[in-house]
Amino acid sequence: MVLFEAENLQMRFGDRTVLENVTLSFGAGKLYGIMGPNGAGKTTCFNVLTGRYRPTRGRVRIDGEDITGLPPHLIARKGVSRSFQIMNLFNDFTARDNVMTALPEMRARSFETRRAVASDAKLADAAEAVLARVGLAGKGDVRAKNLSYGDRRALEIGVALAAAPRVLFLDEPTSGLGSDGTARLAGLIGTLKGQLTIVVIEHDMPFLFGLADEISVIHWGQVIAQGTPGELRANDWVRRSNLGKLQ
Ligand SMILES: Nc1ncnc2c1ncn2[C@@H]1O[C@H](COP(=O)(O)OP(=O)(O)OP(=O)(O)O)[C@@H](O)[C@H]1O
Ligand SMILES: [Mg+2]
């Protein structure tokens, strides 16, 4: 079943076309990879899919509903979450509070009542459950700035998951991580696979090829190849890029 789809997206900034005819389709519970060179338009694509930019042409739909051009908070309310290429945590907040601010129950409250909510045991439990889901059990009291880099990357995913999304967009989740950190994050995303639809932009090819059900290659703002990891291994562009070395 198709849950989220983009049809013929175009994104122009002035006379510059950054995305052209991008069509993507994401099924429920599957994991999708997006790869491509620097500056290809991958993050811009996420920005269009999650409402930061209104596309200059094309449609975005979730569950058949047209959400093209809706602002980010309304798209989020339809069950769409994202993490950013550059981390977006509240550094002075604890890990638990970072997650709590993203819980739907918390977001529903007015700003004035949030302080009272902060001591709500039920919400704290919900935040703990999210922390456990991303491998941060027992670290709820640690301020984000005092967590290791790998833990911060995991916490970002926790914050995105707190909203209980149906679709999760992750922009280069392994960026800045060494091989151990990358392996750990692959393990974490592997445990989430099947629970919701996940779309991951990645430069780390073994990571992506090991996890994804299907991969799209974006180059010069266009989808130039699409297929299962096995199909893409045989793709000319992928072979000519350094992916040829992929085992
Ligand atoms: N708001 C904007 N105005 C003008 N140009 C933009 C804007 N946002 C992105 N671009 C341009 O669009 C192109 C694609 O950028 P984008 O960040 O989407 O690439 P990317 O594939 O995510 O690259 P990377 O792998 O380096 O993260 C770049 O040339 C960028 O300068
Ligand atoms: Mg990017």
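This text walks through a predicted model, from its domains to its core, one helix, a ligand site and two unusual backbone turns.

Start with the overall division. The domain assignment splits the protein chain into domain 1 (1-79 + 165-247) and domain 2 (90-164). Their C-alpha centres are 26 Å apart. The two domains meet through 11 residues of domain 1 and 11 residues of domain 2. On the domain 1 side, strand 7 (167-171) and helix 8 (179-192) each give two or more residues to this meeting surface. Helix 8 gives the most, with 4 residues.

Now look inside. The largest nonpolar core holds 67 residues. Its members that touch the most other members are V99, V134, L155, A162 and L208. Helix 7 is the biggest contributor to this core, giving 7 residues. Both domains take part: domain 1 and domain 2 each supply at least three residues to the core.

V134 is a good residue to follow. Leaving out residues up to four places away in sequence, V134 touches A154, L155, I157, G158, L161 and L188. One of these partners, L155, is itself among the core members with the most contacts to other members.

Next comes helix 6, residues 121-133. What should its length be? With 13 residues at 1.5 Å a residue, helix 6 should span 18 Å. Its end C-alpha atoms are 18 Å apart, so the expected and modelled spans agree.

Which residues of helix 6 are buried? They are A127, V130 and L131. Seen down the axis of helix 6, the buried residues fall within an arc of 100°, so they line one face of the helix. The spacing fits a general rule. An α-helix has 3.6 residues a turn, so residues three or four places apart point the same way. The other side of helix 6 carries exposed residues: A121, K122 and D125.

What covers the buried face? The cover over the buried residues of helix 6 includes helix 3 (95-102) and helix 7 (149-162). Helix 7 therefore appears twice in this account, as part of that cover and as the element that gives the most to the core, with 7 residues. After helix 6 comes G135, which has a positive phi, near 80°.Turn to ligand 1. It has 12 residues around it. Of these, F13, N38, K42, T43 and T44 come nearest. Strand 2 (16-27) and helix 1 (42-49) are the elements that give two or more residues to this shell. Helix 1 gives the most, with 3 residues.

Two backbone positions deserve a check. D63 is not a glycine, yet its phi is positive, about 55°. D63 sits in the loop between strand 4 (57-62) and strand 5 (65-66). Is D63 buried or exposed? D63 counts as partly exposed, because it has 15 C-beta neighbours inside 10 Å. A residue needs 20 or more such neighbours to be buried and 12 or fewer to be exposed.

A164 is the other case. A164 is not a glycine either, and its phi is positive, about 50°. The loop that holds A164 runs between helix 7 and strand 7. A164 has 13 other C-beta atoms within 10 Å, so it is partly exposed.

Technical notes: Residues are numbered from 1 along each chain as its sequence is written. Chains are lettered from A and ligands numbered from 1 in the order in which they are written. This is a predicted model: local features need pLDDT of at least 70, side-chain atom pairs count only at pLDDT 80 or more; totals for chains, interfaces and linings use all residues. The expected span of a helix is 1.5 Å times one less than its number of residues. The arc is that of the directions from the helix axis to the C-beta atoms. Two residues are in contact if their C-beta atoms, placed from the backbone, lie within 7 Å. A nonpolar core is a set of buried Ala, Val, Leu, Ile, Met, Phe, Trp, Tyr and Cys residues joined through C-beta atoms within 7 Å. Domain bounds come from an automatic or database domain assignment. A residue is near a molecule or strand if its C-beta atom, placed from the backbone, lies within 6 Å of it.
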